[in-house]
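Reader: Labels such as buried or oblique are easy to print and harder to check. Please go through some of them with me and give the value behind each.

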Amino acid sequence: MTRGKQVATATLMALTMLAWMGTGAEAARCGNTAAGFENWKREFAEEARAKGIGASGIAALMQAHYATATINADRGQRSFGLSLDQFLAKRGASTIVARGRALKQSQAALFASIQQRYGVPPGPLLAIWGMETGFGSQRGNQNMLSSIATLAYDCRRPEYFTDQLYAALKLIDRGVLSASTRGSMHGEVGQTQFLPKNILAYGTGNLDVAANALNATANFLKAHGWRAGAGYQPGEANFAAIQAWNAASVYQRALALMGRQIDGERASAAR
């Protein structure tokens with residue numbers, strides 16, 4: 001065998017070995033039915049251990065079940081295709097605005113403190129609180145970890161929810177969340193519905209407590225460019241921070257409109 005052939009053979013063997021090793025280290029594969037979920041959990045658990053997730057997080061992950069209700073909800077988000085007026089009617093915007101105005105008055109000290117610290121006025125915070133959970137009355141009753149693990153396994157958006165799953169496992173390791181924590185269909189928890197990555201980044205205490213959740217929400221908006229005193233309607237400086245809260249255009253516009261009404265300006269001006 002010539003030296004050239006020896007080098008070529010050695011190179012081919014090395015590439016073959018790397019390919020084999022790559023297959024062994026392959027990420028847990030997504031799926032579109034419950035059939036592969038248990039096997040996926042075992043594979044993901046190994047990856048999670050390698051990334052430093054502790055025993056509490058791994059044990060919680062192994063208890064997670066395939067959340068069919070979450071998958072059905074994720075496939076059926078039709079309200080985001082409605083017109084703004086239809087969306088406002090469906091979400092009960094007039095009720096949210098009326099309750100928001102009352103809370104702005106009764107909790108004036110809290111909102112003044114938040115605005116002084118973060119620069120965010122009451123209107124958009126109350127609009128978010130009302131839209132997300134009906135001011136805390138509808139925080140969801142799904143198992144948080146099962147919902148997020150199911151979405152991390154599902155092939156529709158695995159990368160996004162894999163990041164959320166790692167964050168959830170870290171929070172469980174720290175004792176902030178537990179395997180039994182309840183939330184909404186996509187795993188959001190608390191009065192204003194935070195996903196785990198946002199809890200890590202912006203959380204301020206127990207988010208089932210309204211004051212903590214509102215502070216955390218203002219913290220999120222400030223971190224996404226909120227400028228004290230600037231407007232937050234479409235085309236104004238702070239609308240980008242509202243866009244960061246939710247990706248649906250109709251949701252963004254609804255928040256801006258209701259926030260402006262709660263802050264005391266007429267709907268016609270907001271439109």
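Author: What follows is a set of questions on how particular labels were reached. The model is a predicted one.

Reader: What does the protein consist of, by helices and strands?

Author: The protein has 15 helices and 2 strands. Of its 271 residues, 44% are buried.

Reader: What share of the contacts between residues at least 6 apart in sequence joins residues at least 24 apart?

Author: That share is 65%.

Reader: Why are H8 and H12 called oblique to each other?

Author: Helix H8 (residues 122-133) and helix H12 (residues 210-223) pack at an angle of about 120°. Roughly perpendicular covers 65 to 115 degrees and roughly antiparallel begins over 145. The angle of about 120° falls in neither range, so H8 and H12 are oblique. Their axes are 10 Å apart, and the crossing is right-handed.

Reader: Which residues make that contact, and how do they divide into nonpolar, polar and charged?

Author: From H8 come Leu 125, Ile 128 and Trp 129, and from H12 come Ala 210, Leu 214, Thr 217, Ala 218 and Leu 221. The division is 7 nonpolar, 1 polar and no charged. Thr 217 is not in the nonpolar or charged lists and therefore counts as polar.

Reader: What makes the pair H8 and H14 oblique?

Author: H8 and helix H14 (residues 249-262) pack at about 125°. Since roughly perpendicular ends at 115 degrees and roughly antiparallel starts over 145, the pair is oblique. The axes of H8 and H14 lie 7 Å apart, and H8 passes H14 in a right-handed crossing.

Reader: Which residues of H8 and H14 meet, and how many of them are charged?

Author: On the H8 side they are Gly 123, Pro 124, Leu 126, Ala 127, Ile 128, Met 131 and Glu 132. On the H14 side they are Tyr 251, Ala 254, Leu 255, Met 258, Gly 259 and Ile 262. One residue of this contact is charged, beside 10 nonpolar and 2 polar. Glu counts as charged and Gly as polar, so Glu 132 is the charged one.

Reader: What word fits the angle between H9 and H10?

Author: Helix H9 (residues 144-153) and helix H10 (residues 158-174) pack at about 150°, with axes 7 Å apart. An angle over 145 degrees counts as roughly antiparallel, so this pair is roughly antiparallel. H9 passes H10 in a left-handed crossing. The residues in contact include Ile 148 and Leu 151 of H9 and Phe 161 and Leu 165 of H10. They divide into 12 nonpolar, 2 polar and no charged.

Reader: How do you know whether Lys 41 is buried or exposed?

Author: Its relative accessibility is 1%. Buried means under 20%, so Lys 41 counts as buried. Lys 41 lies in helix H2 (residues 37-50) and touches Leu 61, Met 62, Gln 63 and Ala 64, leaving aside residues up to four places away in sequence.

Reader: What makes the approach of Lys 41 to Met 62 a polar contact?

Author: A polar atom of the Lys 41 side chain lies 2.8 Å from the backbone oxygen of Met 62. The limit for a pair of N or O atoms is 3.5 Å, and 2.8 Å is within it.

Reader: Why is Glu 43 called partly exposed?

Author: Glu 43, also in helix H2, has a relative accessibility of 33%. Partly exposed lies between the 20% limit for buried and the 50% limit for exposed, so Glu 43 is partly exposed. Glu 43 touches Ala 28 and Arg 29, again without residues up to four places away in sequence.

Reader: What is known of Arg 156?

Author: Arg 156 sits in the loop between H9 and H10. Its relative accessible area of 44% is not over 50%, so Arg 156 is partly exposed as well. Its side chain makes a polar contact of 2.6 Å with the side chain of Asp 74.

Reader: What is notable about phi in Phe 135 and Gln 193?

Author: Phe 135 has a positive phi of about 60° although it is not a glycine. Gln 193, likewise no glycine, has a positive phi near 70°. Phe 135 is in the loop between H8 and strand S1, and Gln 193 is in the loop between strand S2 and helix H11. With 11% relative accessibility, under the 20% limit, Phe 135 counts as buried. Gln 193, at 8%, is buried too.

How values were computed:
Residues numbered from 1 in each chain as written. Predicted model: local features only at pLDDT ≥ 70, side-chain atom pairs only at ≥ 80, totals over all residues. Heavy atoms only, no water. Axes fitted to C-alpha atoms, helices over the stretch in contact; angles between N-to-C directions. Helix = DSSP H or I, 4+ residues; strand = E, 2+ residues; numbered from the N terminus. Parallel < 35°, antiparallel > 145°, perpendicular 65-115°, else oblique. Left-handed = near helix turned anticlockwise from the far one by under 90°. Contact = heavy atoms within 4.5 Å. Buried < 20%, exposed > 50% of the residue type's maximum accessible area, 1.4 Å probe, protein only. Polar contact = N/O pair within 3.5 Å; in protein donor to acceptor, adjacent residues only side chain to side chain.
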